[in-house]
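Visitor: I would like to learn how to read a few features of a structure, one after another. Could we go through them together, with the general idea coming before the particular case?

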Amino acid sequence: MIDRTAFVAEVLRLVGTPVVHMGRVPGQGVDCGGAILAPLWALGSTIECEDVYPPLPDAAVLEGILARFCNRLPLSDVRPGDVLQTYV
């Protein structure tokens with residue numbers, strides 16, 4: 001189990017990293033998936049996500065990926081380290 005505090009610290013290390021589609025390399029480029037996966041990998045996770053997705057956001061694709069790896073919970077139960085999917 002990944003420690004939430006450690007996960008948040010790893011995510012914060014990505015601040016200033018350019019946004020790059022399908023990016024997974026901290027300091028060089030990450031996208032929304034890389035911003036989740038790279039910190040997990042830094043903490044020893046072996047989770048893999050080989051999904052290829054279009055450069056333009058597709059909510060259905062993202063929802064499908066998140067459904068495989070995340071549990072839905074009420075907004076009132078959200079804690080630091082939880083992944084939030086938002087629509088713009």
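Visitor: Which helices each supply at least two residues of the lining of the largest pocket?

Guide: Please keep in mind throughout that this is a predicted model. As for the general idea, rolling a probe the size of a water molecule over the atoms shows where empty space is left. In the present case, the helices that each supply at least two residues of the lining of the largest pocket are helix 1, helix 2 (34-42) and helix 3, and helix 3 gives the most, with 8 residues.

Visitor: What volume does the largest pocket have, and which residues of its lining are the closest to its centre?

Guide: The volume of the largest pocket is about 1,800 Å³. Its lining is made up of 49 residues, of which I36, L66, C70, V83 and L84 are the closest to the centre. Sorted by character, the lining residues comprise 33 that are nonpolar, 7 that are polar and 9 that are charged.

Visitor: L84 has just been named; where does L84 lie, and is L84 buried or exposed?

Guide: L84 belongs to the segment after helix 3 (59-69). The label for a residue follows from its relative accessible area, and exposed means over 50%; L84 is therefore called exposed, because its relative accessible area is 52%. L84 also takes part in a surface feature, since L73, L75, V78 and L84 make a nonpolar surface patch of about 380 Å².

Visitor: Let us turn to charged pairs. How many salt bridges does the count come to?

Guide: The idea is to look for a side-chain nitrogen of Lys or Arg within 4 Å of a carboxyl oxygen of Asp or Glu, and by this rule the count comes to 3 salt bridges. One of them joins the side chains of R4 and D82, with an N to O distance of 2.9 Å. This pair links distant parts of the chain, as R4 is in helix 1 while D82 is in the segment after helix 3, 78 residues apart.

Visitor: Why is R4 counted as partly exposed, and why is D82 counted as partly exposed?

Guide: Partly exposed is the class between buried, under 20%, and exposed, over 50%. R4 is placed there because its relative accessible area is 31%, and D82 is placed there because its relative accessible area is 22%.

Visitor: With which residue does E10 form a salt bridge, and with which residue does D31 form a salt bridge?

Guide: E10, which is found in helix 1, forms a salt bridge with R13, and the closest N and O atoms of that pair are 3.5 Å apart. E10 counts as buried because its relative accessibility is 18%, whereas R13 is exposed, with a relative accessible area of 63%. D31 forms its salt bridge with R24, where the closest N and O atoms are 2.8 Å apart, and both D31 and R24 are buried.

Visitor: How might I read the backbone, and what is the phi of M22?

Guide: One can look at the sign of the angle together with the kind of residue. M22 has a positive phi of about 65 degrees, although M22 is not a glycine. The place of M22 is in the loop between helix 1 (4-12) and strand 1 (24-25), and M22 counts as partly exposed because its relative accessibility is 27%.

Visitor: Finally, separation along the chain can be set beside separation in space. How many residues apart are V20 and C32 in sequence, and how many Å apart are they in space?

Guide: V20 and C32 are 12 residues apart in sequence and 9.2 Å apart in space, taken from C-alpha to C-alpha. V20 is found in the loop between helix 1 and strand 1, and with a relative accessibility of 36% V20 counts as partly exposed. Another pair to read in this way is E10 and I36, which are 26 residues apart along the chain and whose C-alpha atoms are separated by 9.5 Å. A further pair is E48 and F69, which are 21 residues apart along the chain, with 9.9 Å between their C-alpha atoms; E48 is found in the loop between helix 2 and helix 3, and E48 counts as partly exposed at 48% relative accessibility.

Key:
Residues are numbered from 1 along each chain as its sequence is written. This is a predicted model: local features need pLDDT of at least 70, side-chain atom pairs count only at pLDDT 80 or more; totals for chains, interfaces and linings use all residues. Side-chain values use heavy atoms; hydrogens and water are left out. Helices (H or I, at least four residues) and strands (E, at least two) are DSSP runs, numbered from the N terminus. Buried means under 20% relative accessible area, exposed over 50%, partly exposed in between (1.4 Å probe, protein chains only). Patches are made of residues with over 30% relative accessible area and no salt bridge: like charges are joined within 9 Å, nonpolar side chains (Val, Leu, Ile, Met, Phe, Trp, Tyr) within 5 Å. Accessible areas come from the Shrake-Rupley method with a 1.4 Å probe; for residues, only the protein chains shown count as cover. On a 1 Å grid over the protein atoms alone, a cavity is a set of points where a 1.4 Å probe fits but cannot get out, and a pocket is an open set with protein on both sides within 12 Å along at least five of seven lines; lining residues have an atom within 4 Å of a point. Grid points are joined across faces, edges and corners, and a volume is the space filled by probe spheres set on the points. Ala, Val, Leu, Ile, Met, Phe, Trp, Tyr, Cys and Pro count as nonpolar, Asp, Glu, Lys and Arg as charged, and the others, Gly among them, as polar.
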